[in-house]
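Please take me on a tour of this structure, telling me what to select next in the viewer and what I will find there.

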Amino acid sequence: MARLSIQNLSKTYPNGVKALDNVSLEISNGMFGLLGPNGAGKSSLMRTLATLQEADSGSAFLNDLDILNNPTDLRKVLGYLPQEFGVYPRITAAQLLDHVAILKGVSNKKERKDLVDFLLQKVNLYDKRNKSVKGFSGGMKQRVGIAQALIGNPQLIIVDEPTAGLDPGERNRFHNLLADVGENVVVILSTHIVDDVRELCSNMAIMNHGEIVYAGTPVAVLDELKGKVWVKTITRDEVEVYKTQHHVISDKMVAGQPQIHILSDNHPGDGFNPVEPNLEDVFFTKINPAVKA
Amino acid sequence: MFFEFLKLELRSAFRSPMLYIFFFLITLMAFGAVASDNVTIGGSIGNVYRNAPYTLTNFVLILGLFAVLFAAAFFNNAALRDHNSQFNEIMFHLPIGKGGYFWGRFIGALILSTIPLLGIFAGAWLGAVIAPLAGWIDPERIGPFYFETLVNNYFIFILPNMFFAGSIIFFLAQKFKSTIISFVGALAIFVAYFVSGTLLSDIDNESIAALTDVFGIGTFDVYSRYFTPIEKNTLSPQFEGLLLQNRLIWLSVGIVISIISYFSFSFKEKLRFRKRRRKEVREEYTPITHIPAVSQNFGEGIGWKQFKSFYHANLLSITKSVVFKIVAIFGILLLFASLVGGYEYFGLQSYPVTYRVISDIASSTGLFMTIVIVFFSGELVWRDRISNIQEVINSTPHNSHVSAFAKVASLVSVAVLLQFVFIAMGVLSQLFRGYTHIELDVYLVDFFVDSLPGYIVFAAIFVFVQTLVGNPYVGYFVGILVIFAWSIVLSVLEWSSNMLAPGASPGIFYSDMSGFGPGMVGTLWFDLYWILTSVILIYFAGLFWPRSVVSGFREKLGIARANFTGKTRNAFAFLAVAWLLVAGFIFYNTQMLNDYPNQDTQEQMSIKYEETYKKYENQLLPVLTDINYFIDIFPSKRDVYVKAEARFINKGDAPIDSLFFNLDPDWNPRLTIPNSELVLDDTELDFQIYKLKNPLHPGESIDLKIETSYITKGFTNGIGNTNILSNGTFLNNMEILPSMGYSESVEISDKNDRKKFGLPIKSRMPELEANCTNKCMKNYLSNGLSDWVNVETTISTSDDQTAVAPGSLIKEWTEGDRKYFQYKVDHPSQNFYSFMSARYEVAREKHNDIDIEIYYDTKHGVNIPKMVDAVRKSLTYYEENFGPYYHKQARILEFPRYSNFAQAFPGTMPYAESFGFITNLEDETDNNVVEAVIAHEMAHQWWAHQEIPALMQGATMLTESFSEYSSLMVMKQESNGDDMKMKNFLKYDYNRYLRGRSSEAEKELPLYKVENQQYIHYGKGSVILYALQDYIGEDSVNAALESFLKEYAYAEPPYPTTLNFLDYLEPRVPDSLQYLIKDWFKEITLYDFRLKSASAKKRSDGKYDISFDIEAHKMYADTIGNETPQPLNEWVDLGFYSDSDAEKLQNWKRVNITDEQSTFTLIADSLPAKAAIDPRRMFIERVIDDNVKSIDLEE
């Protein structure tokens, strides 16, 4: 049973941007989804947890391990996939994973080889293990990144936008893999793809402007919105009009026509139909609280 | 459209700082070179102005090498700007013309890259104005500016060079769209330049080298090689001759490249060429279903494993990178060029002994090694970030020190790897030349002891700097700046301790005779010191290694402080203590045990010495007549003990009551002077005065006992005393004993330095005086301290060595493990001799009753028979033509290559191992330079050791020029009248003279007033005396020499002058040729002959009339090269060659030329191919190419 406890974490960049604003979270075993728009502070939070960034104040503990003051010990039990993951040119996938495995203290050669082979199979790169990673596509590189994050016996796995650039098949494969290894450890997955969270996570948080705007289970938050989301297909020039009259959560194109979701406690009439709320609705609701009707 | 793009290019450059920075840098360097004595580029010495056209042209050429980098920056920018801003896809869809776009950018970049070099003129102008005002330099060192210098330099060098370099870089940039490739292209241009530079090592190749030099640097050197100081001060380069040809060649190449580049340029972005992938076979494998259990180990040993893994990954990423491959190939090419080419001396090469190959490797690849280390230090430090993997690596539980050390280790391994390749090439080149004595150990020791520690420090410094700064380019810049600025600081403060210059050490210097030499122990200590320093630097790099994103240096410092605990701290304490111990030990050895004065102190001491003791300059001193040496040499300890018993006589006409001595504290001298009192003991300037209780009256003698000893203690900052070696000790009497009287040689001699320190102007030598008596009492070897001396020596050494002193070996015996030898000089001689000890092989032969002995190292036997032969031939010729030889032996002794010369002591001639013993003389048709050198040294047994001139202008003509002449006569006899062979040898003497006068720092003088100027007494002396014997006959010259010698051989003073010799020569010269004595000896005479055309006409008797259309001039030059035309009445040879290479002289005739324009007709038996004026080269001309013409046959 692992437990990550974050208390009042804050970080202000020299340019005045508040990357983390008094962030507190309790995360236990299993997959934890971190949602938020670009620039919300997700990566800052994850980098801080991954010992790659200093915090101004606050604390973070993995069980009894003080992450901020004991970075070296945390690194021994950490699996981390940064948002932007690159690879060394002129080195093969197997060499790279082997190198990371050594850095993570896997000193037994046989064990290391088995592990690397296993991971390469799991990310479907076993055929290409002796190819220079330089020629890999973005998705292939991302898969190497996923593989390296699982090396060692990580107690805390942090994956930042892991499914970006993966095709649907790869994405499924990745979800399965995470589910496999994430059973008894803390896995934090940051994403702006709402479906990732819905499919994988039992717990989640939504960040915006460096703050946690929601923390809880996906189920609970969906319950919150139950019966309050309405949908209507309109024409392009009507969008602005609707935005002034209703609390429009989202506006997107469906089959070439704008379709808007609005939040309303009562049936707004006017051709709107009720719709089952999804996490996307939650997401937009949470990050635009100011215009809450 | 063209102008739009041109303007765009210029405007954007004028808005960015790069252009100004480049311009400023160049201005600063030129300013420094003109205004400061500490910066020297461009050869402005002696009478050449700091801002002379010649000097400024050299600035342009040398700084032009840097400017290639500027060109790379501007042209690369111009080619890639749209590509890099990814604006190209938009841009290239616009309706713009390709021509305007391409050439607008190209010309824009060309103009821009020429601008920084104009800073030379700005800087030089500023320097010329400010420096004299500020009192930094003497206003006399500044000359007028010529606008022509700027214009001509711009159009002859700056613009064409930037165009050529730019066309290549622009082409590469268009083609590869990679900044790195563009800069590699710039590097390739450097390599081309250096390769053509290696051709310049023999004068036969000068023209080819001048044409192949891409920047025209060598071309200008050849073009200006015979410029006199006055020409250097007034002439700007012109579009003419080789310079014109060279410029046209490279301009055309540039044009061709830019046209190709224009036609291969297209707006359409090319699809990257991809290798066709092999069809991939899907591999069958058994899937692993469960994640394998692994154990993590963070205990002992994991650090080492991580180190290896980092090291391996680093090594792969360096060796597989394109830059590495390209740079390595360049290094290999450059080394190849230097291993293949290269003549050293008179068109000959040495056997490729290992130390020569090592020095080839060091000189051609040292820079590349440094570039590799500097470049990849940045690459390695920034690689994680550039590859975007730093967060993954940083978040793994490894210690930053491990990765920092791995970086340096892999950099160093790359250097080692490269060096192995270079060594392999060196060995192959030796084998290829048939040299099979391969000494791998020498290669390896030299590299690991002498070069590698320097690379380690560099790698550590750069890794350290890169770690601290925030950007790789800033890192390179800061690193280079730090090293550069530091070296300037050191030189300004005159701190010459090797402990302060990164990677410096006493140095090792391999000699076949004495191994790695006396610097070995010190060098090893310095190696340890530098390695420890490196480890500390890497340690700090590890401490500061940014594992997390930090904002600002303070946070960095905080993290470093937090990391500085426990084990890390202990490790540092250990390192610091080790470093302090080693540094302390080195300091003790190099600064306390073996102190050395820096240049500044030395100058101050010279000035003080001159000021304090100059008053004793003309003090009457007793003269040495007899001396008995007892010398004990301990080669393995490098200690020498000397005891001398000397008798001095008062040859003057007044009593002497004081004796003056200059002491060398290194030799710890102790004087025993009967009935005397030490009245002055100046321990700072090492000068002592003894007062004699009973003055020494004229004709009376006094016996002194002098003891000295040289004890080698510890090691020194420099290589150490290279005269006392474990094998190959070579001492002379001046070094081991204190000298008497005021020593003028201590004074500062450089004209400009004297001026700077406010010392009175000093003439190099006393003015030549006719019929002198009082002023001719001193000869130039002993300076009045002795005349002819009886010398006896008892010398001992270790039992594996032979010790040699001058004279006949009287007795030889062994005591314990010491060998003793007793020598006695057979005839009283000059007080000038050597004492040597080494493990010698000896070749002995008899010539009449003279023993010919060659003492040589066992490895160097190859030329010994030729040496014996040369001694024999010399003895034969000189005895026959000049007079008897007074010694019973003629010895040649090899000494280690710490010096590179041959020298003649009475009956004894030390000769350096690097100079003759390893020269390849297998080709009989080549110049036998070893014979020439031996014949020269042998001739000194007559000219210097029998006849010794007074210390006065012209002195060295009577020794060096005569010896050169004698040597030429030995060779002439050998050549059996082959004038062309002698001409081929003498061309080096012509070149030596003409080049020498071109860099004369004070004033050129006529031969009979030579002031120990080598280019005159060797170069001109050879040429003049050889021509003289051709004009008046060898017998007449020899007769003059013989009768001159007869009067002065072993004669008591007054000593002879050149005027005395000319008295003997004049009667031997026919009246019709008397003018030669004036022109050749008493004036600086130059000729300019030209064969304008030559034609042949068949005669009725089947022979041919060859008519010569001739132009001739004769000039007298003054001391700085101003020429005045002289009327002609010269006897000059006309001749014709049967071959078109002008090598087979068919016939020649001496004619009298009295007019500047004249025609002559000679008769030829058969039709010759070429005609020439002065075909055997008797006259000193700066241009000889126009002396030969093909013959036109007239019907």
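Helices here are DSSP runs of H or I with at least four residues, numbered from the N terminus. Keep in mind throughout that the model is predicted.

Begin by selecting the whole of chain B, whose secondary structure comes to 32 helices and 26 strands. Its radius of gyration is 35 Å, close to the 32 Å that the globule rule gives for 1195 residues, so chain B is as compact as a globular protein of that length. If you turn the C-alpha trace of chain B along its principal axes, you will see a span of about 110 × 90 × 65 Å. Of the 1195 residues in this chain, 43% count as buried, and among contacts in chain B between residues at least 6 apart in sequence, 75% join residues at least 24 apart.

Next, colour chain B by its domain assignment, which gives domain 1 as 2–178 + 199–264, domain 2 as 302–593, domain 3 as 618–741 + 782–943 and domain 4 as 1083–1195. Then select domain 2 of chain B together with domain 4 of chain B, and note that their C-alpha centres lie 60 Å apart.

Now select residues 553–563 of chain B, which form helix 20, and pick out B:Ala562 within this helix. Is B:Ala562 buried or exposed? B:Ala562 is exposed, because 11 other C-beta atoms lie within 10 Å, and a residue counts as exposed at 12 or fewer.

Finally, add B:Leu543 to the selection: B:Ala562 and B:Leu543 are 19 residues apart in sequence, while in space they are 9.4 Å apart, C-alpha to C-alpha.

Definitions and conventions
Residues numbered from 1 in each chain as written. Chains lettered and ligands numbered in written order. Predicted model: local features only at pLDDT ≥ 70, side-chain atom pairs only at ≥ 80, totals over all residues. Domains from an automatic or database assignment. Helix = DSSP H or I, 4+ residues; strand = E, 2+ residues; numbered from the N terminus. Rg over C-alpha atoms; globule rule 2.2 N^0.38 Å. Buried ≥ 20, exposed ≤ 12 C-beta atoms within 10 Å, placed from the backbone. Contact = placed C-beta atoms within 7 Å.
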